[in-house]
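Biologist: I should like to learn how to read the features of a structure that is new to me. Could we take them in turn?

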Amino acid sequence: MSELVEKQREFFFSERTFDYRFRIDQLRLLRNMLEKYEKKIYQALKQDLNKSTFDSFTTELGFLYNEIKHTEKHLKEWMQDDLVDAPITHKGTKNYIRKEPYGVTLVISPWNYPLQLALAPAIGAIAAGNTVVIKPSEYSPSTSSLLAKMIGETFDSNFITVVQGSKEVSEALLNQRFDYIFFTGSTAVGKIIMRKASEHLTPVTLELGGKSPAIINKDANLSITAKRIIWGKYTNAGQTCVAPDYLYVHHKIKDKLLKEMKKQIKSIFSTNALDNEDFVRIINENHFNRLVAYLSNGTVAYGGKVDRNQLKIEPTLLDDVSWEEPVMQDEIFGPILPILTFEHLEEVISDLKPREKPLALYYFGEKEKDQEKVMNSLSFGGGCINDTLYHLANPNLPFGGVGSSGMGSYHGKHSFDTFSHHKSILQQTTKFDLPFRYPGGKLTLSLIKRLMK
Ligand code: NAD
């Protein structure tokens, strides 16, 4: 591990990555690599999670192509120094912010979008001129080994490399001195990463999880709301960090919404999702068992059937649930959707305010005043009004958590900024020298006070 990091550091010190052309060429290589291996990528994602080609393209590959395209288009402008103004006391100076790559970076990624979450941060790291070590998840082995093969064949390992393995490998990597660590995964492991990073004072981005609510008010357009919730929740069988974890529904519309949601589950995932060849499976038996135990935490209003051989769980709506149930304690990360009800929006706000800040929050309702109230009163990483998940596919919106759902953000320019140190530089003139900063000069303190106040 130390040799690998040292070699990358040497490569970084050669300053090859500082060049715009070099970065653009590497992004092109990355896109060509994805195109060349597209079929193999679909196969690997099918093996790891039973993802369909449609899902694999829309949520993994297509997302990456889009990020690469957007980065190529804007990189020159992002790399430029930002000139800034200066106060009168700085007459004669030029002041600018230079975007400097950190150096050797580490990207640790999870299994749920195993390609996208390993490579999207890497795009930012490359664009900003860093070298990258990627540690993908051991729970999506087909995609992780394909990633290692593709990257190994395409790039100089002193520039980008993939290190496969489990927790122990990750820990060994964390013993090395990296210049930046970008972690995507659980809140519990996020704390470990931050602790380890503190030993070298390495800056971190932590993209974590949490319980993301969807609040549905009585003035919501129910058919469209149902469709967007069902899509957002059951895509990837609920194994999405920003999936709505549970619903908070106005009691007056609950029955109607339930009816619409059942209709939408059938329409999007078929009447028998367990027989749907494209319905995503649960990643492993441990998670399957954890999720099955939640099924008794309320009344199953729809679904509830499971197939242990295939590790599949039907899209399930769970009614009559309380905060005391285990299903409401931790992030669900599976195709089970508990439903809570409310009478007044204020109740929801005062209930959610003291809880951990979620990665996402979704509000459904037409009244602007209520939309504003929710957006202003509650803290969350990011979210949507009248939609789910869609915010993360806009590269102009920073994607990240807050509080226990993480720190820092990425996507588009935000990835470039995340992987760049913003170095402040003041260039002073030698043509003249303003005297007032030196003690004992002719200008009195009262003049300095006037200039600086
Ligand atoms: P995880 O935290 O268990 O694992 C993530 C990565 O960390 C893996 O590569 C794993 O090998 C490594 N790891 C595990 N234990 C470690 C340790 N003790 N020391 C060092 N490294 C260790 O997460 P997961 O189960 O793979 O993913 C699910 C979680 O990720 C969910 O909580 C989900 O919400 C979150 N997530 C967040 C985002 C986001 O963008 N914010 C995206 C996807 C998933």
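Modeller: We shall discuss the ligand, then the nonpolar core, then Lys211. This is a predicted model, in which local features need pLDDT of at least 70 and side-chain atom pairs count only at pLDDT 80 or more, while totals for chains, interfaces and linings use all residues. Residues are numbered from 1 along each chain as its sequence is written, and side-chain values use heavy atoms, with hydrogens and water left out.

Biologist: How many residues surround the ligand, and which are the closest?

Modeller: A residue is near a molecule if one of its heavy atoms lies within 4 Å of it. Here 29 residues surround the ligand, the closest being Lys135, Glu138, Ser186, Leu208 and Glu331. By residue class, this shell divides into 15 nonpolar, eight polar (Gly counts here) and six charged (Asp, Glu, Lys and Arg).

Biologist: Which polar backbone or side-chain atoms lie beside the ligand?

Modeller: A polar contact is a pair of N or O atoms within 3.5 Å; within protein, one must be able to donate a hydrogen and the other to accept it, and residues adjacent in sequence count only if both atoms are side-chain atoms. A ligand nitrogen is 2.8 Å from an N or O atom in the side chain of Ser170. A ligand oxygen is 3.2 Å from a polar backbone atom of Gly185, and a ligand nitrogen is 3.4 Å from a polar backbone atom of Glu207. The protein covers 93% of the 850 Å² of accessible area (Shrake-Rupley method, 1.4 Å probe) that the ligand has on its own.

Biologist: Where does the ligand lie with respect to the domains?

Modeller: Domain bounds come from an automatic or database domain assignment. Domain 1 (2–208 + 403–425) and domain 2 (213–400) both give residues to the shell, so the ligand lies between them.

Biologist: Which residues have the most contacts inside the largest nonpolar core?

Modeller: Such a core is a set of buried Ala, Val, Leu, Ile, Met, Phe, Trp, Tyr and Cys residues joined through side-chain atoms within 4.5 Å; buried means under 20% relative accessible area, with a 1.4 Å probe and protein chains only. The largest core has 114 residues, and those with the most contacts inside it are Leu34, Leu119, Ile134, Ile215, Ile216, Leu247 and Met261. Both domains give residues to this core, so it lies between them.

Biologist: Is Lys211 buried or exposed?

Modeller: Lys211 counts as buried, because its relative accessibility is 14%. Its side chain makes a polar contact with the side chain of Asp245 (2.6 Å), and a polar atom of that Lys211 side chain lies 2.8 Å from the backbone oxygen of Val327.

Key
Buried < 20%, exposed > 50% of the residue type's maximum accessible area, 1.4 Å probe, protein only. Helix = DSSP H or I, 4+ residues; strand = E, 2+ residues; numbered from the N terminus.
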